[in-house]
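I opened a fresh page to keep track of what I look up. My plan is to go from the whole chain down to single residues.

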Amino acid sequence: MMKMTGKAFAKKLFGAKYERLPRTLFMDVIVFWGLYIAGFQVQIASFVRVLMISAFTAGVMWQALSSKDNAAELQHMLMLPHRCREFVFSYVGVLGAYTVLTKTGLLLAALLAVSVWKPVEIMGMVICMIHAVLMAAAVYDLRKYWYAGGLWIVVIVAAILFLGGRLWFCLLLLVNSLFAVLILWRADGYVFYQKESKKHPSGIPLCQRLPQRKRAYSAMSRKSHAVRQRKRATLWRYFFRYLICHKNYLLNTAVMWCVALVLPYFLREMAGLSVVPVGFAILSLNTPICILLSCDPDLEQAVRFLPGQKGCFCIPYCLFIFLCNMAADIIFLLSWKIQNGSVTAQMIAGAVFFALQSAVLSVLLEWFYSIRGFKIESDLWHHPRKYVVPVAMLLLAGAVSSCPVLLPVLLALLAVEVTVLLLIF
């Protein structure tokens with residue numbers, strides 16, 4: 001049973017003939033070699049590397065465990081006769097291998113290329129990744145007892161911060177890994193199964209929407225013109241409700257606003273307009289709000305099927321992303337004013353340009369090149385296409401930083417771009 005379960009999930013994640021593994025490893029080699037020959041070197045403390053690898057691996061593993069794309073396979077597997085321990089370790093092992101090889105491997109390749117490592121540290125990173133996988137699975141098993149899992153995470157993070165640079169720290173990770181194995185030893189396979197409920201694209205279950213339908217129908221029968229008055233705001237309510245119902249996206253937006261708050265502190269030694277565009281480009285990394293169609297194929301099908309929906313959907317969607325980006329830029333400018341001095345009109349113009357340009361490009365990519373063919377939701381959340389726009393914004397920020405006179409030209413080109421798109425859409 002363990003072999004059959006592992007093989008079934010491995011073929012789902014890596015392909016029928018495991019063809020995804022060679023492509024992923026080849027990509028890791030390209031990233032490592034490209035950064036290595038570029039000669040870019042930074043000094044990274046040992047505990048920082050441990051924290052980066054642990055947090056990233058555990059986060060991706062948690063996303064893979066909570067993905068509902070595996071619900072059907074899990075349901076079928078659990079209906080068959082199975083041994084709980086073998087099933088649990090097989091499932092966690094396959095997801096852990098998927099996390100380490102396809103996601104953490106890329107981060108590890110980048111870190112190996114830009115910093116100096118000792119052989120013992122590389123072995124420690126392997127232990128660190130295995131520990132993160134096991135701990136994420138164990139905490140997922142204890143999610144009903146959120147206080148215990150939260151305290152456990154806080155203790156481990158504190159240990160990494162204060163003891164992560166010690167050579168014997170790996171022994172602590174091994175002991176904690178054994179403790180996680182003991183928790184998984186008593187776990188049941190059903191703890192990883194999430195029954196999928198019928199949902200509207202907004203994320204609200206059908207059972208919760210029925211009373212809303214009845215109220216909307218009665219209100220429409222009493223006063224039909226009230227529906228027409230709210231017609232233009234319906235899509236905006238949908239966007240904000242979608243953001244609220246998807247906690248990961250809402251959390252990512254809040255994190256970007258916190259980054260906007262502290263970013264001027266790290267840039268204040270290079271005060272001036274030349275560094276401000278880089279901050280605006282960094283704040284365009286709020287990629288989860290830019291994949292609304294990719295993460296919801298039903299919504300995309302409905303939008304593309306109805307006539308005249310290109311402009312009705314894309315224009316409000318672009319404005320929504322623009323407002324999210326602009327909110328982060330405003331927080332950044334206010335923090336800059338408090339820490340580094342006055343805010344000029346040129347800075348405000350730069351904020352508007354980077355917020356609107358990234359929103360326009362994100363919507364165009366989402367409409368014409370939606371992400372498809374991902375195995376589980378984690379593939380969607382870490383798809384390279386999501387970072388095309390932020391990379392383009394960083395390149396533009398570098399150009400504006402070296403030549404500030406370029407900003408008015410880019411604003412004029414953006415005005416022409418928006419005008420043409422409005423006429424087309």
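These are my entries, in the order I made them.

**Entry 1: the whole chain**

I note at the start that this is a predicted model. I looked up the secondary structure first. The protein chain comes to 19 helices and zero strands. Next I checked burial. Of the 425 residues in the protein chain, 40% are buried. I then looked at contacts with a separation of 6 or more. Residues 24 or more positions apart account for 84% of them. Last, I looked up the surface. The chain exposes about 23,300 Å², and carbon and sulfur atoms supply 71% of that area.

**Entry 2: helix H6**

I picked helix H6, residues 119-141, to check its length. At 1.5 Å a residue, its 23 residues should span 33 Å. The end C-alpha atoms are 34 Å apart, which agrees. Is H6 enclosed or not? I found 17 of its 23 residues buried, so H6 is largely enclosed by the rest of the structure.

**Entry 3: helix H15**

I ran the length check again on H15. Its 32 residues should span 46 Å at 1.5 Å a residue. The end C-alpha atoms are 45 Å apart, which agrees. I also looked just past the end of the helix. Gly341, just after H15, takes a positive phi of about 120°.

**Entry 4: the nonpolar cores**

Which residues have the most contacts inside the largest nonpolar core? I listed Leu292, Phe313, Tyr317, Ile321 and Phe332. The core has 53 residues. Several helices give two or more residues to this core, among them H11 (234-245), H12 (247-267), H16 (345-368) and H19 (406-424). H15 supplies the largest share, 13 residues. I also noted a second, separate core of 45 residues, which includes Ile53, Leu65, Val88 and Val191.

I followed up on Tyr317. Leaving out residues up to four places away in sequence, Tyr317 touches Phe239, Ile289, Cys290, Ile291, Leu292, Val363 and Glu366.

**Entry 5: aromatic pairs**

How many aromatic pairs does a search of the whole structure find? The search gives nine. I wrote down two of these.

In one pair, the rings of Phe313 and Tyr317 have centres 5.4 Å apart and planes at 40°, so the pair is tilted. Both residues lie in helix H15, four residues apart, about one turn of the helix. Phe313 and Tyr317 are both buried.

In the other, the rings of Phe332 and Trp336 have centres 6.0 Å apart and planes at 35°, so this pair is tilted. Phe332 and Trp336 also lie in H15, four residues apart, about one turn of the helix. I recalled the general rule: an α-helix has 3.6 residues a turn, so residues three or four places apart point the same way.

Are these two residues buried or exposed? Phe332 counts as buried at 0% relative accessibility. Trp336 counts as buried at 2%. I also traced a cluster: ring pairs link Phe280, Phe332, Trp336, Phe353 and Phe354.

**Entry 6: charges over rings**

I looked for charged ends over rings and wrote down two. The charged end of Arg49 sits over the ring of Trp117, 4.2 Å from the ring centre. The charged end of Arg143 sits over the ring of Tyr140, 4.0 Å from the ring centre.

**Entry 7: three single residues**

Met347 came up next. I placed Met347 in helix H16. Met347 is buried, with a relative accessible area of 5%. Which distance separates its C-alpha atom from that of Val276? I read 7.1 Å, although the two are 71 residues apart along the chain.

Ser362 lies in helix H16 too. Ser362 is buried, with a relative accessible area of 8%. Not counting residues up to four places away in sequence, Ser362 touches Cys290, Ile321 and Val389.

I ended with Leu410, which is found in helix H19. Leu410 has 11% relative accessibility; the cut-off for buried is under 20%, so Leu410 counts as buried. Leu410 and Leu396 are 14 residues apart in sequence, and their C-alpha atoms are 9.2 Å apart in space. Beyond residues up to four places away in sequence, Leu410 touches Phe353, Leu396 and Val400.

Key
Residues are numbered from 1 along each chain as its sequence is written. This is a predicted model: local features need pLDDT of at least 70, side-chain atom pairs count only at pLDDT 80 or more; totals for chains, interfaces and linings use all residues. Side-chain values use heavy atoms; hydrogens and water are left out. The expected span of a helix is 1.5 Å times one less than its number of residues. Buried means under 20% relative accessible area, exposed over 50%, partly exposed in between (1.4 Å probe, protein chains only). A nonpolar core is a set of buried Ala, Val, Leu, Ile, Met, Phe, Trp, Tyr and Cys residues joined through side-chain atoms within 4.5 Å. Contact means heavy atoms within 4.5 Å. Rings of Phe, Tyr and Trp (its six-membered ring) pair if their centres lie within 6.5 Å; planes under 30 degrees apart count as stacked, over 60 as edge-to-face and the rest as tilted. A charge sits over a ring if NZ of Lys or CZ of Arg is within 6 Å of the ring centre and within 35 degrees of the ring normal. Accessible areas come from the Shrake-Rupley method with a 1.4 Å probe; for residues, only the protein chains shown count as cover.
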